[in-house]
Each structure stands twice: as C-alpha cells, then as structure tokens.
Amino acid sequence: MTAVAHEPTTPAEGLLDIFMSLDTPEGFHAELIEGEIVVTPPPDGDHEDYIGLIVSQVVRRSRTDMQFSGNKGLLLKSTERDPKDHVIPDGTFAPTALRLYRGADSWMPSDGVAMVLEVTSTKPRMDREAKRHGYARAGIPLYLLVDRDASSVTLFSDPGSDDYRQLCTVPFGTSLALPGPFGFELDTTDFL
C-alpha cells in the first residue's frame, strides 16, 4: 500500500500544515494565533525574572497547591475562519491534584488550567489582545499579564465568548488580589 500525501481542503488546514512542519531555531518558539504564525526569540533576563517572582509567590502563598509549566503548548478554540490556536504561554498554572501535565501531548487542551501568565516581550500586541481573546474563548478562568512597557500587572477574569468581562490593573509596586483557587495578594514590589 502506498501512502498518499494529504492535500489541505481549506486555507485553514493548509496554514495548520505549514505551522506543524516548522523547524524553529533552538530557543525560539512558534505559535499559531488567530491565523497568524508568530515566531518569538528566547526571552531576556528581565522577562524570566518577572516569571520567577510570580511562580515563587504562587508556590509559597497559594491556598491551593499549584503545578507550574513554563512554555507549555495549549490548543485553544479559535475563530471560525482560522485553525485552532496553538499558543505557548510564558506560564501555565493548574491545581496539583489534577496532574494536568502528566502524559499530556506537546499541544494539550486547556481544560483544567487555572491561570495563564504572559510577560510582554517583542510582540506585546499579541499578549494584550490576540492571546487574551484566545484564553477567554478557551474559558481559562484567569489571565495574568505583566506589561513591561506600561509598568503594570493586569488580571483578566470572568471569561466570555471572546474576551474577559472583568479586569484589574495595578502599577508595579502595588499588590494585586488573585482570587480562588489562589486566594492571596500578589506582591509586585520587586517588579520595580
């Protein structure tokens, strides 16, 4: 029996085929967001410092034990004209009791994810808009955005069909309440 190459039947399938066949340089990662392929270089030290500060507070202070995964591929619902979004948040938190990451594929569904974390970098519009909409469409309860250009942290909550219905933004140096299952005040003093 001879294998026959699959020909994409729609532009969305063709784009997904191209995306899945990408061979990005080491340290870079590629995402498919709202029909656009985005390749991101390795993060700088400040980017990683913000993530480390948040993760250490979650581990020490969260009311619910949380597992953290840096750069875990998530499959998200997308608009009708685009293939499923393939995103790689800077951080993903899930209750440890779920063991969500055990046995997960490289691109896993977002069911059970309690919060995603993004720190703005070279393409802040993606973090501020496109990814926010994708995370809301997927029903991820909380989206924490560290916006380095604005020197602020925003918590998006109450996901709707295409966006979050609530948000709270605080400047660096101010505390931000993280609701359940976290249930603590995130201290951003060290972000300054």
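**Exercise 1: The largest core**

Find the largest nonpolar core in this predicted model, and work out which elements build it.

*Solution.*
Step 1. Start with the size: the largest nonpolar core has 25 residues. Ile 54, Phe 93, Leu 144, Val 146 and Phe 182 have the most contacts inside it.

Step 2. Now look for the elements that give two or more residues to this core. They are helix 2 (45-61), strand 8 (115-119), strand 9 (142-147), strand 10 (152-159), strand 12 (175-178) and strand 13 (184-187).

Step 3. Which element supplies the largest share? That's helix 2, with six residues.

Step 4. Zoom in on Ile 54. Leaving aside residues up to four places away in sequence, Ile 54 touches Phe 93, Leu 117, Leu 144, Val 146, Leu 186 and Phe 191.

Step 5. Don't stop there, though. Another core, of 21 residues, lies apart from the largest one, and Leu 100, Tyr 101, Ile 140 and Phe 156 are among its members.

**Exercise 2: The two faces of a helix**

Take helix 1 and decide where its buried residues sit, then see what Ile 18 is doing.

*Solution.*
Step 1. Helix 1 spans residues 11-20, and Ala 12, Gly 14 and Phe 19 are buried there.

Step 2. Why do these three count as lying on the same side of helix 1? Because they cover an arc of only 160 degrees around the axis.

Step 3. A handy rule to keep in mind: an α-helix has 3.6 residues a turn, so residues three or four places apart point the same way.

Step 4. Next, find the packing partners. The buried residues of helix 1 pack against strand 1 (29-33), strand 2 (36-40), strand 5 (85-87) and strand 7 (107-109).

Step 5. Now for Ile 18, which is also found in helix 1. Ile 18 counts as partly exposed because its relative accessibility is 49%, and the cut-off for exposed is over 50%.

Step 6. Ile 18 joins Leu 22, Phe 28 and Val 39 in making a nonpolar surface patch of about 320 Å².

**Exercise 3: Salt bridges across the chain**

Pick out salt bridges that involve helix 3 (residues 124-137), and say whether each partner is buried, partly exposed or exposed.

*Solution.*
Step 1. Get the general idea first: side chains of opposite charge can pair when their charged atoms come close. In the whole structure, a search turns up twelve salt bridges.

Step 2. Try Glu 31 and Lys 131, whose side chains meet at 2.8 Å, N to O. Glu 31 is in strand 1 and Lys 131 in helix 3, so this pair ties together parts that are 100 residues apart in sequence. Buried or exposed? Both Glu 31 and Lys 131 are buried.

Step 3. Check whether that pair stands alone. Glu 31 and Lys 131 are linked with Glu 118 and Asp 127 in a network of salt bridges.

Step 4. Move on to Asp 149 and Arg 128, which form a salt bridge at 3.3 Å, N to O. Asp 149 sits in the loop between strand 9 and strand 10, Arg 128 sits in helix 3, and the two are 21 residues apart. With 59% relative accessibility, Asp 149 counts as exposed, while Arg 128, at 28%, counts as partly exposed.

Step 5. Finish with Asp 162 and Arg 137, where the closest N and O atoms are 2.6 Å apart. Asp 162 is in the loop between strand 10 and strand 11 (164-171), and Arg 137 is in helix 3, 25 residues away. Asp 162 counts as partly exposed at 36% relative accessibility, whereas Arg 137, at 11%, counts as buried.

Definitions and conventions. Residues numbered from 1 in each chain as written. Predicted model: local features only at pLDDT ≥ 70, side-chain atom pairs only at ≥ 80, totals over all residues. Heavy atoms only, no water. Buried < 20%, exposed > 50% of the residue type's maximum accessible area, 1.4 Å probe, protein only. Helix = DSSP H or I, 4+ residues; strand = E, 2+ residues; numbered from the N terminus. Arc of directions from axis to C-beta. Contact = heavy atoms within 4.5 Å. Core = buried A, V, L, I, M, F, W, Y, C linked by side-chain atoms within 4.5 Å. Patch = residues over 30% accessible without salt bridge, like charges linked within 9 Å, V, L, I, M, F, W, Y side chains within 5 Å. Areas by Shrake-Rupley, 256 points an atom, 1.4 Å probe, with all protein chains shown as cover. Salt bridge = Lys/Arg side-chain N within 4 Å of Asp/Glu carboxyl O.
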